[in-house]
Amino acid sequence: MLADGDPYRYQSGFGNHFSSEALEGALPAGQNTPQVCPYGLYAEQLSGTAFTVGRSGNQRSWLYRIRPSTMHGPVEPYSRGAHGLTGAFDARSSVATPAQIRWLPFPVPDEGSGVDFVDGMRTLGGAGDPALKNGMAVHIYAAAASMARRALSNADGDLLIVPQQGRLDIATEFGPLMVAPNEIVVIQRGMRFSVGLPDGPSRGYILEVFDGHFELPDLGPIGANGLANPRDFQTPTARYELTTTGDAWEIVSKYQGELFSARQDHSPFDVVAWHGNYAPFKYNLADFAVVGSVSFDHIDPSIFTVLTCKSAHPGTAVADFVIFPPRFEVQMHTFRPPYFHRNCMSEFMGLICGEYEAKKGGFQPGGASLHSTMAPHGPDAKTVEHAVSRALAPGRVADGTQAFMFESMFQLRLTPWAAEHTQRDRDYYKAWEAIPVTFDPARK
Ligand SMILES: O=C(O)Cc1cc(O)ccc1O
Ligand SMILES: [Fe+2]
């Protein structure tokens, strides 16, 4: 039985202390753990940080639910056997390569294949080890079926999901979210969620951080506004399913990169009310207020940071989520495309739609590239040719396009699946082969 009301009502704001009731009065007044909760609900805390983390960084929510989340059968190995996920990135699980890497679009399974979000997730690469809360991973998902009475809970890290094809209709313990391509959703550690695919075959990218949480970047001299504005983030409102018929549900847990299954006879989405600041959220990339150079020179892409997961090193991210949105470009006497670059950080890129400003062909929606630490990269030969010969009138760049980058302080290793994938573009190095030598000591 579903509670009444519009399923997709959101609360606005980033990092707020939210509260939401699907039944009026379901949140206890004045305390978190009354002897008996309103409506006979059970109180359960979900901690996103250690109890003792300072107030400014502490994250937790209180969930008031029909049954505690403890009520499930034995935890067993994953019921469907093999899966495509990797936890710790070491020499046994993954390969190291300093080469520039590119993949053509990852194939999407056919309608009728039955592959859901869990079975369609594949790890491309990463660094570190979730057991040590140190590192990150990049996954793609390619799926065709909705998760049917299955929920996933990830103990390893927070997931930032970037749909590229098809909407995601996500049930969570905090309420439902509908997430379309050009939007992103963050589902933090420990939250049970189930992904429906209303548009059939679907594909996208996932950034997982093994420690910390995503936050808005500081704005420094930009001031109090701009880039991703806090009010544009949307967190769901409570909605519950009361199971009366003894449904068969499977709770899939990702723990240290392994999957496990537990059965239960009721929906995990039985939270009638919740309050707190540890909750999933979505964000529309079209809401990003782009800032850039209005005089000359190419500004570093950190100016396009949507969210960052900070490390202990000031200014150095476990991972930044950066976008390359449509905008005006007006710089004079400037080589306008992304510059040639070797970076102490690793740059994983994907394309949601359109054509990325540094590549004319080869980098396609649903494909990806990886320039890990110090891998030389930059505009391809055709982009260079155009950039040095064009008239520099003010104009638009990237209309109809959305590329993004997961930029990380870690050196990424590739899973064998990613390294040996048939979609790996073995000729990627040729993107720069035809750049002409124009050096002439007699010309200035
Ligand atoms: O295309 C890339 O690799 C990302 C990138 C974009 C940019 O505008 C400047 C530097 C950079 O690495
Ligand atoms: Fe770069």
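What follows is a chat about a predicted model and the reasons behind the labels put on its parts.

Reader: Let's start with the ligand. What makes a residue part of the shell around ligand 1?

Author: The cut-off is a C-beta atom, placed from the backbone, within 6 Å of the molecule. Pro-301, Pro-338, Tyr-339, His-341, Glu-347, Ala-358, His-371, His-377 and Met-405 surround ligand 1 on that basis.

Reader: How many of the shell residues are nonpolar, polar and charged?

Author: Five are nonpolar, three are polar and one is charged. Under the scheme used, Pro, Tyr, Ala and Met count as nonpolar and Glu as charged, while His falls among the others, so it goes down as polar.

Reader: His-377 is in that shell. Why is His-377 called buried?

Author: Burial takes 20 or more other C-beta atoms within 10 Å. His-377 has 24, so it is buried. You'll find His-377 in the loop between S25 and helix H1 (381–389). Setting aside residues within four places in sequence, its contacts are Gln-100, His-341 and His-371.

Reader: Which residues does UniProt list under "binding site"?

Author: The unreviewed UniProt entry puts that annotation on Tyr-356 and His-377. They span 22 residues in sequence, but no two of their C-alpha atoms are more than 13.8 Å apart, so they gather at one spot.

Reader: And Tyr-356, is that one buried or exposed?

Author: Buried: Tyr-356 has 25 C-beta neighbours inside 10 Å, against a threshold of 20. Tyr-356 belongs to the loop between S24 and S25. Beyond four places in sequence, Tyr-356 is in contact with Phe-324, Leu-351, Phe-363, Thr-401 and Ala-403.

Reader: You mentioned S24 and S25. How do you know that S24 and S25 pair?

Author: Two strands pair if DSSP finds at least two bridges between them. S24 (residues 346–353) and S25 (residues 368–371) have four, in the antiparallel sense. As an example, Met-349 stands opposite Ser-369 in S25. Both strands belong to an open, antiparallel sheet of six, ordered S6-S25-S24-S27-S22-S21.

Reader: What makes S6 and S21 the edges of that sheet?

Author: Strand S6 (101–103) and strand S21 (305–310) each have a single partner strand, so one side of each has no neighbour in the sheet. From one strand to the next, the twist averages 15 degrees.

Reader: Which strands sit at the edges of the four-stranded sheet?

Author: That open antiparallel sheet runs S2-S19-S4-S3, and its edge strands are S2 (18–21) and S3 (42–47), each pairing on one side only. Neighbouring strands there are turned by 20 degrees against each other on average, direction ignored. Inside it, S4 (residues 60–65) and S19 (residues 271–276) run antiparallel and are joined by five bridges. Trp-62 stands opposite His-275 in S19.

Reader: What about a borderline case: how do you know that S5 and S18 pair?

Author: The minimum is two bridges, and S5 (residues 76–77) and S18 (residues 258–264) have two, antiparallel. Pro-77 has Phe-260 in S18 as its bridge partner. S18 also pairs with S17 (residues 249–255), antiparallel and over seven bridges. S17 and S18 make a hairpin with two residues between them, and Gln-256 in the turn has a positive phi of about 55 degrees.

Reader: Why is a positive phi worth pointing out?

Author: Because most residues other than glycine have a negative phi. Leu-227, not a glycine, has a positive phi of about 55 degrees. Asp-297 also has a positive phi, near 75 degrees.

Reader: Why are Leu-227 and Asp-297 called partly exposed?

Author: Partly exposed lies between the two cut-offs, 12 or fewer for exposed and 20 or more for buried. Leu-227 has 18 C-beta neighbours inside 10 Å, so it is partly exposed. Asp-297 has 13 other C-beta atoms within 10 Å, so it gets that label too. Leu-227 lies in the loop between S15 (202–209) and S16 (234–236), and Asp-297 in the loop between S20 (281–284) and S21.

Reader: One last check: what makes Asp-270 buried?

Author: Asp-270 has 21 other C-beta atoms within 10 Å, and the cut-off is 20. Asp-270 is in the loop between S18 and S19. Not counting residues up to four places away, Asp-270 touches Arg-65, Ile-66, Arg-67, Tyr-240, Glu-241 and Leu-242.

Definitions and conventions: Residues numbered from 1 in each chain as written. Chains lettered and ligands numbered in written order. Predicted model: local features only at pLDDT ≥ 70, side-chain atom pairs only at ≥ 80, totals over all residues. Axes fitted to C-alpha atoms, helices over the stretch in contact; angles between N-to-C directions. Contact = placed C-beta atoms within 7 Å. UniProt positions renumbered as here; feature names shortened; annotations may be inferred.
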